[in-house]
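Student: I've got a model open and a pile of labels to make sense of. Can we go through what earns each one?

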Amino acid sequence: MDPDGFSTSFIKKLRSTLAYPLAVLFAHIFEGGVIPDAWGVAHVTPIHKNGVSSAVENYRPISLTSVICKVFERIVKEQMLDYLRKHDLITRHQHVFLSKHSTTTELLATLNDWTLALRNKHVVDAVYFDFSKAFVSMVHSRLQTKLQGYGFDGKLYCVLSDFFA
């Protein structure tokens, strides 16, 4: 259950009934440019990773956030991706946040590139970055500037800015 008391299965079962009220809610959010405060609330649950169950370091936190907010996020994400694709602002080499693309497909593509390079006796250099906390430490004003630079402005920009706040 999310903080609002809904489950994903509940929303899925009632999707045709909830479509119109959610569309009205989402339109209202866009009109006002403000995300509901309740969408910033999460239930944090510790999930055991491995090792001794009595050791705190063997747990990772899972944040259960609003299912309705997740529906909203997915709609916004898909619309933004459509815009980026339509205006050739996203590379075909992008693997994150795209359907049928993941870190696994990225690793397979990279491994293929390295194999071809080594087979052709080319030198391969690799540099690794750990972006695990990238969004947490991101300067939101820079992200907002990037969004505007890509043409995301107006009410969408207001909603996204409120979401980052």
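**Labels and their reasons**

Tutor: Sure, and keep in mind that this is a predicted model. Start with D82 and R85, whose side chains meet in a salt bridge at 3.7 Å, N to O.

Student: What makes that D82 and R85 pair a salt bridge?

Tutor: The cut-off is a Lys or Arg side-chain nitrogen within 4 Å of an Asp or Glu carboxyl oxygen. D82 and R85 come in at 3.7 Å, so the pair qualifies. The two sit three residues apart in helix α3, which puts about one helical turn between them.

Student: How many salt bridges does the structure hold?

Tutor: Three. One of them joins K77 and E78, with the closest N and O atoms 3.5 Å apart. In another, the side chains of K155 and E31 meet at 3.0 Å, N to O. K155 lies in helix α7 and E31 in helix α2, so that pair ties together parts 124 residues apart in sequence.

Student: Why does E31 count as exposed?

Tutor: Exposed means over 50% relative accessible area, and E31 has 55%. K155, at 42%, is partly exposed, because that label covers the range between 20% and 50%.

Student: How do you know that the length of helix α3 agrees with what's expected?

Tutor: Take 1.5 Å times one less than the number of residues. For the 20 residues of α3 (residues 67-86) that gives 28 Å, and the end C-alpha atoms are 29 Å apart, which agrees.

Student: What caps the N-terminal end of α3?

Tutor: S66 does: one of its side-chain oxygens lies 3.3 Å from the backbone nitrogen of I68. Just after the helix, D88 takes a positive phi of about 50°.

Student: Which helices do the buried residues of α3 pack against?

Tutor: They pack against α1 (8-13), α2 (15-32), α6 (140-149) and α7 (154-164). Those buried residues include F72, V76 and M80.

Student: What makes V127, F129 and F131 a patch?

Tutor: Nonpolar side chains are joined within 5 Å if each residue has over 30% relative accessible area and no salt bridge. V127, F129 and F131 form such a patch on the surface, with about 400 Å² of accessible area together. F131, in the loop between α4 (103-119) and α5 (134-137), counts as exposed at 60%.

Student: And V124, buried or partly exposed?

Tutor: Partly exposed, at 29%. V124 is in the loop between α4 and α5, and among the residues it touches are W114 and L118.

Notes: Residues numbered from 1 in each chain as written. Predicted model: local features only at pLDDT ≥ 70, side-chain atom pairs only at ≥ 80, totals over all residues. Heavy atoms only, no water. Patch = residues over 30% accessible without salt bridge, like charges linked within 9 Å, V, L, I, M, F, W, Y side chains within 5 Å. Areas by Shrake-Rupley, 256 points an atom, 1.4 Å probe, with all protein chains shown as cover. Helix = DSSP H or I, 4+ residues; strand = E, 2+ residues; numbered from the N terminus. Buried < 20%, exposed > 50% of the residue type's maximum accessible area, 1.4 Å probe, protein only. Contact = heavy atoms within 4.5 Å. Polar contact = N/O pair within 3.5 Å; in protein donor to acceptor, adjacent residues only side chain to side chain. Lists of a residue's contacts leave out its neighbours within four places in sequence.
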